[in-house]
Amino acid sequence: MRATIMHAPGDVRVEDRDKPTIQKPTDAVIKLAAACVCGSDLWPYRGADKISRPVPMGHEYVGVVEEVGADVKNVTPGQFVVGSFIASDNTCEICRSGYQSGCVHRQGVSGSQAEYLRVPLADGTLVATPGIPDADKVPSLLAASDVLGTGWFAAKAAQVGPGKTVAVVGDGAVGLLGVLAARQMGAERIIAMSRHTDRQALAREFGATDIVVERGDAGVKKIKELTGGLGAHSVLEAVGTQESMLQAIHATRAGGHVGFVGVSHDVSLPGRDLFSSHVHLHGGPAPVRQYLPDLIDLILRGDINPGKVFDLELPLEQAAEAYKAMDERRAIKVLLRP
Ligand SMILES: [Zn+2]
(Lines give C-alpha, C1' and ligand atoms only; values in the text may rest on other atoms or scores of the structure.)
Protein backbone atom coordinates (compact mmCIF):
# COMPACT_ATOMS: atom_id res chain seq x y z
CA MET A 1 0.00 0.00 0.00
CA ARG A 2 1.02 3.66 -0.25
CA ALA A 3 1.81 5.47 3.00
CA THR A 4 3.24 8.80 4.14
CA ILE A 5 6.57 8.58 5.96
CA MET A 6 8.51 11.41 7.58
CA HIS A 7 12.24 10.80 7.33
CA ALA A 8 13.51 14.07 8.76
CA PRO A 9 12.24 17.62 9.31
CA GLY A 10 10.88 18.88 6.00
CA ASP A 11 11.32 15.43 4.40
CA VAL A 12 7.95 13.75 3.84
CA ARG A 13 7.62 10.98 1.24
CA VAL A 14 4.84 8.70 0.05
CA GLU A 15 6.26 5.17 -0.20
CA ASP A 16 5.32 1.52 -0.54
CA ARG A 17 4.77 -0.14 2.80
CA ASP A 18 3.29 -3.47 3.90
CA LYS A 19 -0.46 -3.34 4.26
CA PRO A 20 -1.29 -3.59 7.99
CA THR A 21 -2.69 -6.87 9.28
CA ILE A 22 -4.52 -7.97 12.42
CA GLN A 23 -1.86 -8.43 15.11
CA LYS A 24 -4.05 -8.80 18.18
CA PRO A 25 -7.59 -10.21 18.43
CA THR A 26 -8.79 -6.72 19.48
CA ASP A 27 -7.48 -5.01 16.30
CA ALA A 28 -9.33 -3.83 13.22
CA VAL A 29 -7.90 -2.88 9.85
CA ILE A 30 -9.71 -0.12 8.00
CA LYS A 31 -9.53 1.10 4.42
CA LEU A 32 -9.22 4.86 4.74
CA ALA A 33 -11.85 7.00 3.03
CA ALA A 34 -9.89 10.19 3.63
CA ALA A 35 -6.85 11.30 5.58
CA CYS A 36 -5.35 14.64 6.54
CA VAL A 37 -2.42 16.53 7.97
CA CYS A 38 -2.67 17.81 11.54
CA GLY A 39 -1.21 21.01 12.96
CA SER A 40 0.64 18.76 15.42
CA ASP A 41 2.34 16.99 12.46
CA LEU A 42 4.06 20.31 11.83
CA TRP A 43 6.04 20.10 15.09
CA PRO A 44 8.32 17.28 13.79
CA TYR A 45 8.14 18.73 10.26
CA ARG A 46 9.64 21.97 11.58
CA GLY A 47 12.21 20.14 13.72
CA ALA A 48 10.59 21.00 17.06
CA ASP A 49 10.06 17.27 17.76
CA LYS A 50 12.97 14.90 17.21
CA ILE A 51 12.69 12.03 14.71
CA SER A 52 15.10 9.14 15.27
CA ARG A 53 13.74 6.83 12.57
CA PRO A 54 11.33 7.11 9.63
CA VAL A 55 7.84 7.66 11.07
CA PRO A 56 4.52 6.65 9.43
CA MET A 57 2.43 9.80 9.72
CA GLY A 58 -1.21 10.61 10.40
CA HIS A 59 -3.55 10.04 13.33
CA GLU A 60 -6.92 11.26 12.03
CA TYR A 61 -9.03 8.73 10.17
CA VAL A 62 -12.35 7.63 8.78
CA GLY A 63 -12.91 4.61 6.62
CA VAL A 64 -14.53 1.27 6.03
CA VAL A 65 -13.70 -1.72 8.21
CA GLU A 66 -11.85 -4.28 6.14
CA GLU A 67 -11.06 -6.95 8.73
CA VAL A 68 -11.48 -7.45 12.47
CA GLY A 69 -9.74 -9.61 15.07
CA ALA A 70 -11.48 -12.57 16.73
CA ASP A 71 -12.45 -10.60 19.87
CA VAL A 72 -13.98 -7.58 18.11
CA LYS A 73 -17.77 -7.41 18.59
CA ASN A 74 -18.86 -3.79 18.14
CA VAL A 75 -17.81 -3.23 14.53
CA THR A 76 -17.94 -5.48 11.51
CA PRO A 77 -16.36 -5.48 8.04
CA GLY A 78 -18.15 -3.13 5.67
CA GLN A 79 -19.12 -0.57 8.31
CA PHE A 80 -17.98 3.05 7.99
CA VAL A 81 -16.19 4.10 11.16
CA VAL A 82 -14.69 7.14 12.85
CA GLY A 83 -12.02 6.78 15.52
CA SER A 84 -9.77 8.85 17.70
CA PHE A 85 -5.99 9.35 17.70
CA ILE A 86 -5.81 7.55 21.03
CA ALA A 87 -7.13 4.00 21.09
CA SER A 88 -8.98 3.19 24.30
CA ASP A 89 -10.82 0.17 25.73
CA ASN A 90 -13.80 2.40 26.66
CA THR A 91 -14.48 0.12 29.62
CA CYS A 92 -11.93 0.98 32.33
CA GLU A 93 -12.77 3.35 35.17
CA ILE A 94 -10.98 6.29 33.50
CA CYS A 95 -12.80 5.71 30.19
CA ARG A 96 -16.16 5.43 31.96
CA SER A 97 -15.48 8.78 33.63
CA GLY A 98 -15.18 10.31 30.15
CA TYR A 99 -11.38 10.47 29.84
CA GLN A 100 -10.76 7.87 27.16
CA SER A 101 -7.53 9.65 26.16
CA GLY A 102 -6.25 8.73 29.64
CA CYS A 103 -7.42 5.09 29.36
CA VAL A 104 -5.27 2.69 31.38
CA HIS A 105 -4.79 0.68 28.15
CA ARG A 106 -4.45 3.66 25.81
CA GLN A 107 -2.36 3.36 22.67
CA GLY A 108 -1.48 6.04 20.14
CA VAL A 109 -2.79 5.49 16.63
CA SER A 110 -0.49 6.47 13.78
CA GLY A 111 0.01 5.83 10.12
CA SER A 112 -3.36 7.05 8.82
CA GLN A 113 -1.93 9.13 5.96
CA ALA A 114 -2.06 5.93 3.96
CA GLU A 115 -4.43 3.55 2.20
CA TYR A 116 -5.00 1.25 5.21
CA LEU A 117 -4.66 1.58 8.98
CA ARG A 118 -4.54 -0.87 11.88
CA VAL A 119 -6.62 0.34 14.82
CA PRO A 120 -5.93 -1.27 18.21
CA LEU A 121 -8.73 -1.80 20.78
CA ALA A 122 -11.26 -1.52 17.96
CA ASP A 123 -14.33 -2.15 20.14
CA GLY A 124 -13.56 0.79 22.40
CA THR A 125 -12.07 3.10 19.80
CA LEU A 126 -14.23 2.96 16.68
CA VAL A 127 -17.72 4.38 16.28
CA ALA A 128 -19.74 3.17 13.27
CA THR A 129 -22.02 5.53 11.36
CA PRO A 130 -25.54 4.39 10.45
CA GLY A 131 -24.82 3.24 6.89
CA ILE A 132 -22.21 4.61 4.52
CA PRO A 133 -22.32 8.43 4.75
CA ASP A 134 -22.71 10.69 1.72
CA ALA A 135 -19.39 11.80 0.26
CA ASP A 136 -20.02 15.42 1.29
CA LYS A 137 -20.12 14.39 4.97
CA VAL A 138 -16.76 12.62 4.90
CA PRO A 139 -14.58 15.73 5.52
CA SER A 140 -16.69 16.68 8.55
CA LEU A 141 -16.53 13.14 9.95
CA LEU A 142 -12.77 13.19 9.45
CA ALA A 143 -12.63 16.50 11.36
CA ALA A 144 -14.52 14.82 14.22
CA SER A 145 -11.67 12.32 14.53
CA ASP A 146 -9.37 14.95 16.03
CA VAL A 147 -9.66 18.69 15.40
CA LEU A 148 -13.40 18.97 16.09
CA GLY A 149 -13.22 16.62 19.09
CA THR A 150 -10.23 18.56 20.40
CA GLY A 151 -11.88 21.97 19.95
CA TRP A 152 -14.97 20.53 21.64
CA PHE A 153 -12.93 19.34 24.63
CA ALA A 154 -11.21 22.75 24.86
CA ALA A 155 -14.63 24.39 25.13
CA LYS A 156 -15.87 21.82 27.68
CA ALA A 157 -12.66 22.18 29.73
CA ALA A 158 -13.09 25.97 29.66
CA GLN A 159 -16.68 25.55 30.92
CA VAL A 160 -18.23 27.32 27.93
CA GLY A 161 -21.97 27.81 28.24
CA PRO A 162 -24.87 30.22 27.78
CA GLY A 163 -24.12 33.80 28.74
CA LYS A 164 -20.36 33.29 28.70
CA THR A 165 -17.77 35.36 26.89
CA VAL A 166 -15.24 33.08 25.25
CA ALA A 167 -11.82 33.92 23.79
CA VAL A 168 -9.97 31.53 21.48
CA VAL A 169 -6.17 31.65 21.23
CA GLY A 170 -5.00 30.02 17.98
CA ASP A 171 -6.56 30.14 14.52
CA GLY A 172 -5.58 26.70 13.25
CA ALA A 173 -8.28 24.08 12.66
CA VAL A 174 -8.61 23.29 16.39
CA GLY A 175 -9.02 26.95 17.37
CA LEU A 176 -11.56 27.52 14.60
CA LEU A 177 -13.53 24.45 15.64
CA GLY A 178 -13.29 25.64 19.24
CA VAL A 179 -15.25 28.65 17.99
CA LEU A 180 -17.82 26.30 16.43
CA ALA A 181 -18.03 24.30 19.68
CA ALA A 182 -18.50 27.46 21.75
CA ARG A 183 -21.35 28.50 19.43
CA GLN A 184 -23.01 25.09 19.81
CA MET A 185 -22.68 25.31 23.59
CA GLY A 186 -24.52 28.63 23.63
CA ALA A 187 -21.75 31.14 24.33
CA GLU A 188 -22.99 34.71 24.16
CA ARG A 189 -19.83 36.28 22.78
CA ILE A 190 -16.93 34.55 21.03
CA ILE A 191 -13.68 36.41 20.44
CA ALA A 192 -11.36 34.78 17.91
CA MET A 193 -7.72 35.83 18.03
CA SER A 194 -6.37 35.76 14.46
CA ARG A 195 -4.25 37.85 12.14
CA HIS A 196 -5.19 36.01 8.94
CA THR A 197 -8.17 37.31 6.98
CA ASP A 198 -9.18 33.90 5.56
CA ARG A 199 -9.19 32.37 9.05
CA GLN A 200 -11.04 35.37 10.48
CA ALA A 201 -13.75 34.84 7.86
CA LEU A 202 -14.12 31.16 8.75
CA ALA A 203 -14.13 32.01 12.48
CA ARG A 204 -17.03 34.40 11.84
CA GLU A 205 -18.84 31.74 9.81
CA PHE A 206 -18.40 29.30 12.72
CA GLY A 207 -19.84 31.83 15.18
CA ALA A 208 -17.17 34.33 16.26
CA THR A 209 -18.69 37.70 17.21
CA ASP A 210 -15.38 39.59 17.56
CA ILE A 211 -11.90 39.31 16.08
CA VAL A 212 -8.73 40.39 17.88
CA VAL A 213 -5.63 40.65 15.70
CA GLU A 214 -3.18 41.52 18.48
CA ARG A 215 -1.33 38.75 20.30
CA GLY A 216 0.75 38.40 23.48
CA ASP A 217 0.30 41.22 26.00
CA ALA A 218 -1.33 43.46 23.38
CA GLY A 219 -3.87 40.69 22.72
CA VAL A 220 -4.60 40.35 26.44
CA LYS A 221 -5.09 44.13 26.71
CA LYS A 222 -7.59 43.99 23.84
CA ILE A 223 -9.57 41.14 25.46
CA LYS A 224 -9.69 43.11 28.71
CA GLU A 225 -10.96 46.18 26.82
CA LEU A 226 -13.72 44.08 25.23
CA THR A 227 -14.81 42.62 28.58
CA GLY A 228 -15.08 45.67 30.82
CA GLY A 229 -11.55 45.13 32.14
CA LEU A 230 -12.38 41.66 33.52
CA GLY A 231 -11.17 39.19 30.92
CA ALA A 232 -13.14 36.37 29.31
CA HIS A 233 -15.03 33.74 31.31
CA SER A 234 -13.63 30.93 29.18
CA VAL A 235 -10.44 30.88 27.13
CA LEU A 236 -9.54 28.12 24.69
CA GLU A 237 -5.80 27.65 24.10
CA ALA A 238 -5.03 25.82 20.84
CA VAL A 239 -1.36 26.51 20.13
CA GLY A 240 0.88 25.04 22.85
CA THR A 241 3.60 27.67 23.26
CA GLN A 242 4.72 29.71 26.25
CA GLU A 243 3.31 32.85 24.66
CA SER A 244 -0.08 31.30 23.88
CA MET A 245 -0.47 29.74 27.36
CA LEU A 246 0.31 33.02 29.12
CA GLN A 247 -1.92 34.87 26.67
CA ALA A 248 -4.74 32.47 27.56
CA ILE A 249 -4.22 32.64 31.33
CA HIS A 250 -3.88 36.42 31.38
CA ALA A 251 -6.96 36.92 29.17
CA THR A 252 -9.14 34.94 31.63
CA ARG A 253 -11.04 36.69 34.42
CA ALA A 254 -10.62 35.74 38.07
CA GLY A 255 -12.66 32.58 38.61
CA GLY A 256 -12.65 31.82 34.88
CA HIS A 257 -11.49 28.71 33.04
CA VAL A 258 -8.79 27.93 30.49
CA GLY A 259 -9.14 24.83 28.31
CA PHE A 260 -5.70 24.06 26.86
CA VAL A 261 -5.33 21.60 23.98
CA GLY A 262 -2.35 22.88 21.98
CA VAL A 263 0.37 20.22 22.29
CA SER A 264 2.65 21.75 24.91
CA HIS A 265 6.14 22.70 23.72
CA ASP A 266 8.62 24.24 26.17
CA VAL A 267 5.86 25.75 28.29
CA SER A 268 6.95 26.66 31.80
CA LEU A 269 4.33 28.46 33.82
CA PRO A 270 5.48 30.96 36.44
CA GLY A 271 4.03 29.93 39.81
CA ARG A 272 3.43 33.47 40.96
CA ASP A 273 1.40 34.21 37.81
CA LEU A 274 -0.76 31.14 38.41
CA PHE A 275 -1.14 31.92 42.10
CA SER A 276 -2.44 35.42 41.52
CA SER A 277 -4.61 34.58 38.50
CA HIS A 278 -7.52 32.76 40.21
CA VAL A 279 -7.88 30.85 36.95
CA HIS A 280 -8.91 27.18 36.52
CA LEU A 281 -6.66 25.27 34.11
CA HIS A 282 -7.76 22.04 32.47
CA GLY A 283 -6.59 20.41 29.27
CA GLY A 284 -4.46 17.77 27.63
CA PRO A 285 -5.04 15.26 24.82
CA ALA A 286 -8.77 15.43 24.16
CA PRO A 287 -11.01 12.46 25.02
CA VAL A 288 -12.43 12.61 21.50
CA ARG A 289 -14.03 9.17 21.89
CA GLN A 290 -16.40 10.57 24.52
CA TYR A 291 -17.82 13.10 22.06
CA LEU A 292 -17.80 11.04 18.82
CA PRO A 293 -21.39 9.69 18.96
CA ASP A 294 -22.85 13.18 19.52
CA LEU A 295 -20.55 14.85 17.01
CA ILE A 296 -21.41 12.24 14.35
CA ASP A 297 -25.13 12.91 14.96
CA LEU A 298 -24.66 16.69 14.66
CA ILE A 299 -22.74 16.23 11.41
CA LEU A 300 -25.13 13.74 9.80
CA ARG A 301 -28.11 15.95 10.74
CA GLY A 302 -26.36 18.86 9.02
CA ASP A 303 -26.30 21.00 12.18
CA ILE A 304 -22.57 21.60 11.91
CA ASN A 305 -20.13 21.54 9.01
CA PRO A 306 -16.66 21.31 10.57
CA GLY A 307 -15.25 19.94 7.29
CA LYS A 308 -14.99 23.56 6.13
CA VAL A 309 -11.57 23.69 7.82
CA PHE A 310 -10.25 21.67 4.87
CA ASP A 311 -9.42 24.42 2.40
CA LEU A 312 -7.17 22.27 0.22
CA GLU A 313 -7.64 18.73 -1.05
CA LEU A 314 -4.86 16.66 -2.62
CA PRO A 315 -4.28 13.05 -3.64
CA LEU A 316 -2.33 11.04 -1.03
CA GLU A 317 0.61 10.93 -3.44
CA GLN A 318 1.05 14.69 -2.89
CA ALA A 319 1.33 14.48 0.92
CA ALA A 320 4.65 16.36 0.81
CA GLU A 321 2.90 19.31 -0.82
CA ALA A 322 0.16 19.10 1.83
CA TYR A 323 2.73 19.51 4.61
CA LYS A 324 4.39 22.37 2.74
CA ALA A 325 1.11 24.22 2.22
CA MET A 326 0.24 23.97 5.92
CA ASP A 327 3.77 24.85 7.03
CA GLU A 328 3.69 27.97 4.85
CA ARG A 329 0.16 28.76 6.07
CA ARG A 330 -1.19 28.61 2.51
CA ALA A 331 -3.76 26.13 3.81
CA ILE A 332 -5.58 25.80 7.13
CA LYS A 333 -5.88 22.02 6.82
CA VAL A 334 -5.29 19.66 3.92
CA LEU A 335 -7.44 16.64 3.14
CA LEU A 336 -5.65 13.73 1.44
CA ARG A 337 -7.51 11.30 -0.85
CA PRO A 338 -6.01 7.79 -0.66
ZN1 LIG B 1 -10.02 2.68 29.34
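A nonpolar core is a set of buried Ala, Val, Leu, Ile, Met, Phe, Trp, Tyr and Cys residues joined through C-beta atoms within 7 Å. The exercises below use this term on a predicted model.

**Exercise 1. Find the residues of the largest nonpolar core that touch the most other members, and place the core relative to the domains.**

Step 1. The largest nonpolar core holds 108 residues. V168, L177, V179 and I191 touch the most other members.

Step 2. Domain 1 (2-146 + 287-337) and domain 2 (150-283) both contribute residues, so the core lies between them.

Step 3. Now take I191. Set aside its neighbours within four places in sequence. I191 is then in contact with V166, A167, V168, A208, D210, V212, I223, L226 and A232.

**Exercise 2. Describe how the two domains meet.**

Step 1. Start with the division: the protein chain splits into domain 1 (2-146 + 287-337) and domain 2 (150-283).

Step 2. The C-alpha centres of domain 1 and domain 2 are 26 Å apart.

Step 3. Look at the contacts. Domain 1 places 16 residues in contact with 14 residues of domain 2. On the domain 1 side, helix α11 (residues 288-300) gives the most, with 3 residues.

**Exercise 3. Work out the surroundings of strand β14 (residues 232-237).**

Step 1. Check burial. A residue is buried if 20 or more other C-beta atoms lie within 10 Å of its own. In β14, 6 of the 6 residues are buried, so the strand is largely enclosed by the rest of the structure.

Step 2. Find one partner. Strand β11 (residues 165-169) pairs with β14 in the parallel sense, over 4 bridges. Here A167 stands opposite V235.

Step 3. Find another partner. Strand β15 (residues 252-260) runs parallel to β14 and is joined to it by 5 bridges. S234 stands opposite H257 in β15.

Step 4. Trace the connection. From β14 the chain passes through helix α9 (residues 242-250) to β15. This β-α-β crossover is right-handed.

**Exercise 4. Identify the edge strands of the open sheet with the order β2-β1-β4.**

Step 1. This open sheet has 3 strands, with antiparallel pairing.

Step 2. β2 (11-16) and β4 (55-56) each have a single partner strand, so one side of each lacks a neighbour in the sheet. These are the edges.

Step 3. Strand β1 (residues 2-8) pairs with β2 over 6 bridges, in the antiparallel sense. I5 stands opposite R13 in β2.

**Exercise 5. Relate the UniProt domain annotation to the model.**

Step 1. An unreviewed UniProt entry annotates residues 7-336 as "domain: Enoyl reductase (ER)".

Step 2. In the model, the end C-alpha atoms of residues 7-336 lie 19 Å apart. The span is 31% helix and 25% strand.

How values were computed. Residues numbered from 1 in each chain as written. Predicted model: local features only at pLDDT ≥ 70, side-chain atom pairs only at ≥ 80, totals over all residues. Buried ≥ 20, exposed ≤ 12 C-beta atoms within 10 Å, placed from the backbone. Domains from an automatic or database assignment. Contact = placed C-beta atoms within 7 Å. Helix = DSSP H or I, 4+ residues; strand = E, 2+ residues; numbered from the N terminus. Pairing = 2+ DSSP bridges. Right-handed = clockwise from strand over helix to strand, strands pointing away. UniProt positions renumbered as here; feature names shortened; annotations may be inferred.
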